Amino acid sequence: MLVTIVALGGVYSYLFRISLRNYLPSLTLGIVVWALLASMITDACTVFTGAEHFLQQVPLPKSIFVHRMLVRNLITFAHNVTIVPLLYLVFGIVPGWPSVLALVGLAIATLNGFWIGLLVGMLCARFRDLPQIVASIMQIAFFVTPVMWRPDQLPHELSWLVDLNPLANLLSLIRDPLLGQVPTRFAYLTGIALILAGFSVTIPFFVRFRTRLVFWL
Amino acid sequence: MATVSLDRVTIEFPVYNARGRSLTEELFRRTVGGMIHSNGRKGVSVVALRDVSLSVADGDRLGLIGHNGAGKSTLLRVLAGIYEPLSGRVRIKGTVATLTDITMGMNLDATGYENVVLRGVFLGLRVREARRMIPEIEEFTELGEFLRLPIRTYSTGMMLRLAFAVTTAVMPEILIMDELIGAGDAAFAVKATARLNQMISHSRILIMASHDVETIRRLCNRAALLQTGRIVTIGSVDEVIAAYLTGNADQSPPSSAADAITSAGP
């Protein structure tokens with residue numbers, strides 16, 4: 001992680017003509033948080049197909065396998081996030097009280113991860129070409145989400161690109177507080193709206209197809 | 001009081017080919033209106049159980065007999081709550097333990113002790129309850145210091161001993177078994193059999209599938225004969241075994257397998 005960030009930081013700060021001091025902190029946190037969001041979504045594809053053996057042997061609640069995926073990703077995130085204090089030291093950043101808000105952002109992202117895990121997990125068990133589709137979508141999403149670049153580098157008339165991108169909003173809910181900024185109210189509303197919308201689609205779907213899942217494996 | 005009852009349960013497996021598994025194919029079909037893929041796109045499904053009704057009372061030891069593909073394992077999985085039927089009702093009162101794969105849930109990188117807890121939790125125990133079994137399992141498995149090592153280092157026999165010991169340490173009201181489980185070399189097998197028998201006698205209901213009529217005769221007081229997803233005979237062990245054996249004699253085994261495969265909608 002550290003090697004990637006230093007290498008990318010060097011090249012892109014030169015390309016974008018931004019000083020390393022301005023660029024590296026947001027890049028680092030961008031990559032760390034993106035890794036969490038992206039792997040929650042790609043892992044969602046194998047939540048059930050990867051647990052085929054369990055599903056065919058014991059009647060466990062299906063949500064256990066989603067929890068498993070979330071906990072695994074949160075542990076990886078906790079491991080990656082240890083780079084942040086180092087970043088603060090090197091660049092002399094004092095994030096102050098907004099950093100606490102990162103936990104709220106993390107909670108919102110995790111709740112979204114839950115319905116995505118359940119919904120995408122089930123769909124991927126039924127449609128086996130979906131994981132590849134998700135993987136290519138995530139690749140595109142990486143470039144249109146402000147991970148490598150900053151939203152303020154975008155001309156004003158294109159800012160909707162970031163505003164309408166759910167992943168960009170989730171990203172800013174975790175990254176901005178760690179940089180000492182309070183995320184916008186719009187980002188919070190988007191994050192919460194995503195949870196509500198996601199669950200209102202997932203719950204009926206789950207109720208309808210829960211018993212079919214084991215036959216799809 | 002433990003009871004199990006099935007009322008006209010039907011289980012059908014969809015069989016998907018590569019096309020049926022593909023989302024792009026599915027979307028394409030929906031939008032194009034089935035004009036292109038209308039031929040040969042019909043899905044096939046296998047009816048594994050058809051209108052099975054069954055009631056098992058407290059104290060029953062039910063043996064399931066039948067050829068391969070008759071639906072024994074499917075029926076066991078319905079009873080275990082893994083398959084939920086499309087039509088029909090399943091009512092089960094009592095705690096259920098399924099002994100199909102006794103190593104399920106064990107982690108190769110975890111130590112023997114950790115695996116006792118892991119496996120115990122999979123069998124429905126709380127962590128504290130699972131820990132409480134440890135001394136007894138230490139004694140039974142005779143694995144000694146090996147329990148401190150990751151089970152990756154165990155031989156197959158040692159691993160089976162451990163899995164067997166934990167699995168048989170829980171005492172469920174309803175016990176479901178696919179063939180008799182056993183473990184280890186001759187000396188250990190004697191101990192294992194005694195332990196398994198103790199577990200069986202502790203349970204209120206035993207439901208087991210087996211190809212071995214002697215096992216059924218020894219352990220069960222009722223039996224059911226399955227054929228292509230239906231229960232054809234149910235009654236006393238001797239009666240059902242007799243029906244099974246005569247059926248063997250005058251029938252070519254995969255009697256009407258084709259009968260079980262029906263064409264279903266897309």
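In which sense, parallel or antiparallel, do strand E6 (residues 174–178) of chain B and strand E7 (residues 205–209) of chain B pair? Keep that in mind as you open the viewer; the answer comes at the second stop. What you have on screen is a predicted model, and the predictor gives the complex an ipTM of 0.76 and a pTM of 0.83.

**Stop 1: chain A**

Start by showing chain A alone, drawn as a cartoon. You will find 11 helices and 0 strands there, so to speak in a row: α-α-α-α-α-α-α-α-α-α-α along the sequence. Turn the chain about its principal axes, and its C-alpha atoms fill a box of roughly 55 × 35 × 35 Å. The radius of gyration is 19 Å, which agrees with the value near 17 Å that a compact globule of 217 residues would have. Of those 217 residues, 33% count as buried. If you look at contacts between residues at least 6 apart in the sequence of chain A, 75% join residues at least 24 apart.

**Stop 2: the sheet of chain B**

Now switch to chain B, which has 10 helices and 10 strands. Buried residues make up 35% of its 266 residues. Select the strands E5, E6, E7, E3, E8 and E9: in the order E5-E6-E7-E3-E8-E9, these 6 strands form an open sheet with mixed pairing. Strand E5 (96–99) and strand E9 (230–235) stand at the edges of the sheet, each with a single partner strand, so one side of each is left without a neighbour. On average, neighbouring strands are turned by 15 degrees against each other, direction ignored.

Here is the answer to the opening question: E6 and E7 of chain B pair in the parallel sense, over 5 bridges. To see one of the matched positions, pick B:Ile174, whose bridge partner in E7(B) is B:Ile205.

Next, add helix H2 (residues 72–79) of chain B, which packs on the sheet. This helix touches strand E3 (61–66), E6, E7 and strand E8 (222–227) of chain B, and its direction makes about 150 degrees with that of E7(B).

**Stop 3: a glycine in a loop**

Select B:Gly229, in the loop between E8 and E9 of chain B. Is B:Gly229 buried or exposed? With 23 C-beta neighbours inside 10 Å, B:Gly229 counts as buried, since the cut-off is 20 or more. Now add B:Arg50: the two residues are 179 apart along the chain, yet their C-alpha atoms are separated by 5.4 Å.

**Stop 4: where the chains meet**

Bring chain A back and select the contact, which takes 13 residues from chain A and 17 residues from chain B. On chain A, helix H7 (130–144) and helix H11 (213–216) each supply at least two residues of the side that touches chain B. By class, that side has 7 nonpolar, 4 polar and 2 charged residues.

**Stop 5: colour chain B by confidence**

Finish by colouring chain B by pLDDT. The chain averages 82, and 87% of the residues score at least 70. Confidence is highest in E7(B), at 91, and lowest in helix H10 (residues 257–260) of chain B, at a mean of 45. Select residues 37–41 of chain B, where pLDDT stays under 50 and the model has 3 contacts beyond four places in sequence. Then select residues 252–260 of chain B, where the pLDDT is also below 50, with 11 contacts beyond near neighbours in sequence. Where pLDDT is low, the predicted coordinates should not be read in detail.

Technical notes
Residues numbered from 1 in each chain as written. Chains lettered and ligands numbered in written order. Predicted model: local features only at pLDDT ≥ 70, side-chain atom pairs only at ≥ 80, totals over all residues. Contact = placed C-beta atoms within 7 Å. Helix = DSSP H or I, 4+ residues; strand = E, 2+ residues; numbered from the N terminus. Nonpolar A, V, L, I, M, F, W, Y, C, P; charged D, E, K, R; others polar. Rg over C-alpha atoms; globule rule 2.2 N^0.38 Å. Buried ≥ 20, exposed ≤ 12 C-beta atoms within 10 Å, placed from the backbone. Pairing = 2+ DSSP bridges. Axes fitted to C-alpha atoms, helices over the stretch in contact; angles between N-to-C directions. pLDDT = per-residue confidence, 0-100.
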